[in-house]
Amino acid sequence: MNSNGVVEWAVVGSDIGPLLLAATGKGLVGVFFHARPEVREKAVEQLRTRLGAEPVESPGSARLAEPIRQLAEYFAGSSREFSLDLDWSLTSGFNRQVLRELATGVPYGTVVGYGDLAGRVGQPGAAQAVGAAMGSNPLPVVVPCHRVVESDGGLGGFGGGLETKRQLLALEGVLPRPLF
């Protein structure tokens with residue numbers, strides 16, 4: 001059992017579909033896209049295995065109240081940044097370094113290239129490693145891997161699917177919103 005004890009989780013609706021949010025005593029530890037029942041099962045199992053704690057479903061959790069509120073404001077367009085305690089337990093090493101830089105250094109409505117982000121953490125040749133770090137991001141949306149794009153203007157990959165990445169970039173005004 002880790003020092004955080006219990007991991008609390010809940011599924012909340014959003015403009016990009018249901019999200020499973022998980023928090024420990026340190027802060028928000030995981031955001032999982034497309035939280036249908038089969039995805040929930042996998043997410044809960046991953047949390048159990050990686051954190052060594054038993055995840056408990058608790059929609060009314062005080063730990064999750066603030067993440068839920070800030071995500072709702074983000075999707076409503078009334079908030080452009082998250083000020084949440086984050087638990088980085090599900091990432092380490094280079095990936096954590098890149099994700100921390102992304103969380104603080106790439107504001108709402110902007111994008112950064114994979115190679116540029118690699119340069120910012122002192123590894124200018126590591127664009128592919130940055131791509132892998134984005135793919136392993138345990139805190140998408142809050143740690144904005146959707147803002148990392150290919151230098152030639154391509155969207156690049158996205159753990160939540162490219163349509164989700166497009167929706168988030170449209171919400172932030174980087175891409176035009178679809179007409180229908």
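Which residues is Phe75 in contact with, leaving aside its neighbours within four places in sequence? The list runs to Ser14, Asp15, Ile16, Leu19, Val141, Leu168 and Leu171, contact being taken as heavy atoms within 4.5 Å. The model behind this is a predicted one, in which local features need pLDDT of at least 70, side-chain atom pairs count only at pLDDT 80 or more, and totals for chains, interfaces and linings use all residues. Residues are numbered from 1 along each chain as its sequence is written, and side-chain values use heavy atoms, with hydrogens and water left out.

Phe75 also turns up in the largest nonpolar core, which has 39 residues. A nonpolar core here is a set of buried Ala, Val, Leu, Ile, Met, Phe, Trp, Tyr and Cys residues joined through side-chain atoms within 4.5 Å; buried means under 20% relative accessible area, exposed over 50%, and partly exposed in between, with a 1.4 Å probe and protein chains only. Together with Leu102, Met134 and Val141, Phe75 touches the most other members of that core. At least two residues each come from S1, S2, S3, helix H2 (62-76), helix H3 (93-105), helix H4 (114-120), H5 and H6. Helices (H or I, at least four residues) and strands (E, at least two) are DSSP runs, numbered from the N terminus. H2 gives the largest share of the core, four residues. There is also a second, separate core of 13 residues, with Val7, Ala22, Ala35 and Ala53 among its members. In soluble globular proteins, nonpolar side chains tend to be buried together.

Next, the aromatic rings. Rings of Phe, Tyr and Trp (its six-membered ring) pair if their centres lie within 6.5 Å; planes under 30 degrees apart count as stacked, over 60 as edge-to-face and the rest as tilted. That rule gives four aromatic pairs. One of them joins Tyr74 and Phe75 edge-to-face, with 5.2 Å centre to centre and 75° between the planes. Another, Tyr74 with Phe82, is tilted, at 5.3 Å centre to centre and 40° between the planes. Tyr74 and Phe75 are both buried, and Phe82 is buried along with Tyr74. Adding Tyr108 to Tyr74, Phe75 and Phe82 gives one aromatic cluster.

On the strand side, S2 (residues 19-23) is mostly covered, with five of its five residues buried. In a regular strand the side chains alternate between the two faces of the sheet. In S2, Leu19, Leu21 and Ala23 point one way while Leu20 and Ala22 point the other, and all are buried. Two strands are said to pair if DSSP finds at least two bridges between them. Strand S1 (residues 7-12) pairs with S2 in the antiparallel sense over five bridges, and Val12 stands opposite Leu19 in S2. These two strands form a hairpin with six residues between them, and Gly17 in the turn has a positive phi of about 95°. S2 and strand S3 (residues 28-32) also run antiparallel, joined by four bridges, and here Leu20 stands opposite Phe32 in S3. S2 and S3 form a hairpin too, with four residues between them and a positive phi of about 150° at Gly27 in the turn.

According to an unreviewed UniProt entry, residues 9-87 are covered by the annotation "domain: Methylguanine DNA methyltransferase ribonuclease-like"; such positions are given in the numbering used here, feature names are shortened, and annotations may be inferred rather than shown by experiment. Over that stretch the chain is 38% helix and 22% strand, and the end C-alpha atoms are 14 Å apart.

Further along the chain, Arg147 sits in the loop between helix H5 (127-135) and S6. Arg147 counts as buried because its relative accessibility is 6%. Its side chain is joined to that of Glu172 by a polar contact of 2.8 Å. A polar contact is a pair of N or O atoms within 3.5 Å; within protein, one must be able to donate a hydrogen and the other to accept it, and residues adjacent in sequence count only if both atoms are side-chain atoms. Neighbours within four places aside, Arg147 has contacts that include Arg80, Tyr108, Leu169 and Glu172.

Gly159, in the loop between strand S6 (148-149) and H6, is exposed because its relative accessible area is 74%. Leu162 lies in helix H6 (residues 162-171) and, at 36% relative accessibility, counts as partly exposed.
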